[in-house]
Amino acid sequence: MVEAVPAGPRIALRTCVGCRTRAARSHLLRVVALDRGTGLVLVLDERRRLPGRGAWLHARVECLDQAVRRKAFARALRVGATLDPADLAARISALAEREQQDTGAVTDGGAGRIRNRKRV
């Protein structure tokens, strides 16, 4: 007889358009294409509520570079127009830098003590 395994909470997984790895939705950023009058612009959807299709991306500059190089945003968002990633690149760089400062642990000399660690 096979015993039923109790189901735990489901975690929404999404694929990063840059590195193509799957991660929890909470670990990725949602990006949408908005028409700003001069053309379509990639915008970071911080609240994950903007209308339209969204593409998911890690908060890393490397993932953004890969996505732009492979033209993954146009494919994922299903737009035929050229997308301008300039605003998004600045936001991702700022987020990555802030995340590195928040989670970066630096040892104090060779004593092995850790400083600059953010407590949760």
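This tour goes through the structure piece by piece, saying what to select next and what is there.

**Before you start**

The model is predicted, so local features are given only where pLDDT is at least 70 and side-chain atom pairs count only at pLDDT 80 or more, while totals for chains, interfaces and linings use all residues. Residues are numbered from 1 along each chain as its sequence is written, and side-chain values use heavy atoms, with hydrogens and water left out.

**The whole protein**

Begin with everything selected and colour by pLDDT, which is the predictor's confidence in each residue, from 0 to 100. The mean pLDDT is 83, and 81% of the residues reach 70 or more. Now select residues 107–115, where pLDDT stays under 50 and where the model has ten contacts beyond four places in sequence; a contact means heavy atoms within 4.5 Å.

Switch to a cartoon view, in which three helices and seven strands can be looked for. Helices (H or I, at least four residues) and strands (E, at least two) are DSSP runs, numbered from the N terminus. Following the sequence, you meet them in the pattern β-β-β-β-β-α-α-α-β-β. Of the 120 residues, 25% count as buried, where buried means under 20% relative accessible area, exposed means over 50%, and partly exposed lies in between (1.4 Å probe, protein chains only).

**Strands β3, β4 and β5**

Select β3 (29–35) together with β4 (residues 40–45). These two strands pair in the antiparallel sense over six bridges, and two strands are said to pair if DSSP finds at least two bridges between them. Leu34 has Val41 in β4 as its bridge partner. Four residues lie between the strands of this hairpin, and Gly37 in the turn has a positive phi of about 95°.

Add β5 (55–57) to the selection. β3 and β5 pair in the antiparallel sense over three bridges, and the bridge partner of Val31 in β5 is Ala55.

**Asp45**

Next, show the side chain of Asp45, which lies in β4. Asp45 counts as buried because its relative accessibility is 4%. Its side chain reaches the backbone nitrogen of Arg49 at 3.0 Å, and, leaving aside residues up to four places away in sequence, Asp45 touches Arg30, Val32 and Leu50.

**Helix α1**

Move on to α1 (61–69) and show Cys63, Leu64 and Ala67, the buried residues of this helix. They cover an arc of only 100° around the axis, which puts them on the same side of α1; the arc is that of the directions from the helix axis to the C-beta atoms. On the other side of α1, Glu62 and Arg69 are exposed. The buried residues of α1 pack against β5, α2 and α3. Just after α1 comes Lys71, whose phi is positive, near 55°.

**Helix α3**

Finish with α3 (residues 86–103), whose 18 residues should span 26 Å at 1.5 Å a residue, and the end C-alpha atoms are indeed 26 Å apart, which agrees. The expected span is 1.5 Å times one less than the number of residues. Which residues of α3 are buried? They are Leu88, Ile92 and Leu95, and they cover an arc of only 65° around the axis, which puts them on the same side of α3. An α-helix has 3.6 residues a turn, so residues three or four places apart point the same way. Turn the view to the face away from the buried side, where Gln100 and Gln101 are exposed. Among the elements that cover the buried residues of α3 are β3, β4, β5, α1 and α2 (72–77).

Note on methods
Polar contact = N/O pair within 3.5 Å; in protein donor to acceptor, adjacent residues only side chain to side chain.
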